[in-house]
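Biologist: Could you take a close look at the aromatic side chains in this one for me? I'd like to hear how the rings sit against each other, and then whatever you can say about the packing around them.

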Amino acid sequence: MGITLPIICGLLALIFAFILSTGIAKEDSGNDRMKEISGYIHEGAMAFLMREYKYLAGFIVVVAIVIFAAIDYKTAICFVFGAVFSILAGYFGMNVATKANVRTAQAARDGQSKALKIAFSGGAVMGMSVVGLGVIGLTIFYWVFGNNPEFITGFGLGASSIALFARVGGGIYTKAADVGADLVGKVEAGIPEDDPRNPAVIADNVGDNVGDVAGMGADLFESYVGSIISALTLGYFLFSGDQPKIMFPLVLASIGILASIIGTIFARNSKNASPQKALNAGTYIGGILVIIGSFILSNQTFGDYKAFGAILAGLVVGILIGKVTEIYTADQYKSVKRIAKQSETGPATTIITGFAVGMYSTMIPIILICIGILFSFYIMGGASNVSMGLYGISLAAVGMLSTTGLVVAVDAYGPIADNAGGIAEMSELPHSVREVTDKLDSVGNTTAAIGKGFAIGSAALTALALFASYAQATELKSIDLLTPVTLVGVLIGAMLPFLFGALTMESVGKAANEMIEEVRRQFKTIPGIMEGKGKPDYKKCVDISTAAALKEMILPGILAIIVPLAIGMLLGVEALGGLIGGAVASGVLVAILMANAGGAWDNAKKYIEGGAHGGKGSDAHKAAVVGDTVGDPFKDTSGPAMNILIKLMTIVSLVFAPVILQYGGILLNLLK
């Protein structure tokens with residue numbers, strides 16, 4: 001069962017994704033105008049991916065050569081396949097998402113139920129591609145290289161590297177377009193969102209896909225494989241030769257795939273009147289099935305329920321973090337209403353209140369993560385065996401991510417529904433269609449915020465589990481914070497998320513500035529554009545976002561790889577351990593702050609657009625739009641990229657641990 005089951009379940013996920021994509025392709029794609037607009041979005045999204053992948057091809061080759069020279073060819077092969085599988089997951093998911101949007105808009109003519117089914121099916125293709133390719137890749141290379149997880153750390157490094165570039169590049173793309181479209185279109189020109197007269201509107205819709213579908217999928221693909229790798233690596237050291245126990249994380253992931261497929265079928269076929277309830281029902285069914293499966297599997301494998309306790313802790317913490325995120329970012333709760341109220345007195349108070357909400361929102365998730373860490377550590381016997389306790393933490397991470405296929409499906413559904421609304425607006429479909437897509441989109445905003453909270457929580461547990469694997473590989477028993485070299489590592493690590501956030505925020509600002517100037521130019525120079533007679537140059541705006549994203553993603557991506565290697569080689573194993581600890585601590589906090597503040601600003605704007613505090617066009621609405629544009633790069637660029645930053649630095653340290661152990665501490669030795 002150990003090797004066979006994960007392969008079978010991984011193939012089932014890919015087959016299910018193919019069935020869903022085939023079903024979507026058969027649906028009606030609407031009239032010629034709808035097909036034309038959808039074609040622009042599809043072409044822009046795929047063109048960006050192809051150009052991004054050309055950039056990344058050179059990076060993959062260079063890093064593979066370095067790994068081959070510094071470590072071994074097996075790790076280099078795994079690195080290449082980890083990168084390629086991450087790319088494939090993003091390609092499959094976005095290809096279908098950009099076709100599902102127009103079909104969702106057309107289905108909305110017949111009501112909400114069918115539109116929800118198509119949008120969710122489009123998101124599920126991304127989800128099933130992520131888990132299917134992840135499990136198949138890890139299982140094959142674990143088996144090919146002699147049932148030894150040492151080499152599959154390279155697979156995780158490949159996945160992490162691509163995830164960072166996909167998240168940062170996609171985030172810069174989407175927010176440059178979004179900010180430009182909002183500030184010039186909504187605020188200056190006073191035209192509606194997704195108005196076809198706005199030259200940036202196609203780039204904005206393309207951005208939803210490259211940032212929130214491909215980028216988000218790559219993010220969770222990396223978390224998913226990283227959590228399994230850490231549990232496999234720790235299990236290999238703990239249960240030497242006992243394959244059923246070593247393979248436990250992969251078998252658990254297989255159960256999660258089956259649970260996700262069943263949950264997806266239930267959610268997409270639900271006749272529930274509320275889209276939120278339908279999606280929640282599918283998610284809860286998937287979670288319950290994993291709980292039942294892990295309960296049985298834990299007893300069969302270990303003869304007790306300690307592993308089940310650790311898995312349950314991860315699942316519960318993930319669900320609770322999602323709920324807390326919803327409370328801070330959904331407009332039915334007081335935080336968002338408070339921001340909307342403050343918008344009456346201008347942009348400054350909007351931004352101040354939203355930033356405070358983001359800061360407040362860090363407290364409960366951090367406490368929940370801490371409880372999950374302590375519970376999973378001690379229930380696995382960490383009090384008497386530290387390694388076993390760390391294994392418990394890694395199982396909590398795998399448990400939290402066990403239904404990744406379903407979580408990604410729910411998250412990726414949002415951008416498809418958003419695009420459907422844009423297509424409906426630009427195609428001048430009846431107002432009833434836009435009402436349906438807006439309802440689906442509003443649920444998508446909440447699911448996206450919950451997904452970001454889930455991604456942050458899983459990143460913290462995954463990074464900690466990978467850190468434990470690093471400590472095992474380098475024989476690092478403890479870290480002494482009274483040692484100056486270690487403290488230097490902690491401080492540099494804590495600084496990196498702020499530097500990383502500054503670089504990505506500034507990148508969005510520069511790209512958005514160029515976009516704003518281009519939109520203003522077209523409004524002034526294209527005859528009849530505001531009367532709907534002149535045709536905007538959509539392609540120029542798409543090109544601006546594409547070029548900016550590809551240029552600006554390079555430096556942050558390289559920094560995340562170079563800095564941990566430099567600290568390890570210069571200051572040694574313990575300083576690098578300090579750097580990881582500092583980066584995880586500050587990175588998780590910054591990620592939560594940015595994601596929740598951004599989500600709250602966004603929904604405060606939508607709350608006002610619904611008629612509160614003067615509604616659309618009021619001074620409060622203009623202030624809320626400014627808050628939303630500040631929050632856009634917070635929640636969709638810099639915040640999500642923090643998750644990958646902390647995991648990438650940790651897995652870089654794990655992969656290069658043998659080199660750092662042997663040759664690290666050059667500067668430290670000179671100082672001594």
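Modeller: Searching the whole structure, which is a predicted model, turns up 21 aromatic pairs. Take Phe 145 and Phe 151 to begin with: their ring centres are 5.7 Å apart and the planes sit at 65 degrees, and since anything over 60 counts as edge-to-face, that's what this pair is. Both partners are tucked away. Phe 145 has a relative accessible area of 11%, so it's buried, and Phe 151 is buried too, at 10%.

Now for Phe 295 and Phe 308. Here the centres are 5.2 Å apart and the planes stand at 85 degrees, so this pair is edge-to-face as well. Phe 295 belongs to helix H9 (residues 275-302) and Phe 308 to helix H10 (residues 306-329), so the pair ties together parts that are 13 residues apart in sequence. Burial is a mixed story here: Phe 308 is buried at 14% relative accessibility, whereas Phe 295, at 36%, is partly exposed.

Back to Phe 145 and Phe 151, because they also turn up in an aromatic cluster, together with Phe 81, Phe 85, Phe 141, Phe 155 and Phe 221.

On to the wider packing. The largest nonpolar core takes in 225 residues. Among those with the most contacts inside this core are the aromatics Tyr 224, Phe 248, Tyr 391 and Tyr 413, along with Leu 157, Ile 202 and Leu 395. Helix H20 gives the core its largest share, 19 residues.

Ile 202 is worth a stop. Setting aside neighbours within four places in sequence, Ile 202 is in contact with Ile 37, Tyr 40, Ile 41, Met 426, Tyr 538 and Val 542. Residues 538-552 make up helix H18, whose axis comes within 5 Å of that of helix H19 (residues 554-571), crossing at roughly 20 degrees. That angle is under 35 degrees, so H18 runs roughly parallel to H19. Where these two helices meet, Leu 550, Lys 551 and Glu 552 of H18 face Ile 554, Leu 555 and Pro 556 of H19. By type, the contact has four nonpolar residues, two charged and no polar.

Last, a charged residue in H20 (residues 573-609), namely Lys 605. What's its accessibility? Just 2%, so Lys 605 counts as buried. Its contacts, leaving out residues up to four places away in sequence, are Asp 182, Lys 186, His 621, Ala 624, Val 625 and Asp 628.

How values were computed:
Residues are numbered from 1 along each chain as its sequence is written. This is a predicted model: local features need pLDDT of at least 70, side-chain atom pairs count only at pLDDT 80 or more; totals for chains, interfaces and linings use all residues. Side-chain values use heavy atoms; hydrogens and water are left out. Axes are lines fitted to C-alpha atoms, for helices over the stretch in contact, and angles run from 0 to 180 degrees between N-to-C directions. Helices (H or I, at least four residues) and strands (E, at least two) are DSSP runs, numbered from the N terminus. Angles under 35 degrees count as roughly parallel, over 145 as roughly antiparallel, 65 to 115 as roughly perpendicular and the rest as oblique. Contact means heavy atoms within 4.5 Å. Buried means under 20% relative accessible area, exposed over 50%, partly exposed in between (1.4 Å probe, protein chains only). A nonpolar core is a set of buried Ala, Val, Leu, Ile, Met, Phe, Trp, Tyr and Cys residues joined through side-chain atoms within 4.5 Å. Rings of Phe, Tyr and Trp (its six-membered ring) pair if their centres lie within 6.5 Å; planes under 30 degrees apart count as stacked, over 60 as edge-to-face and the rest as tilted.
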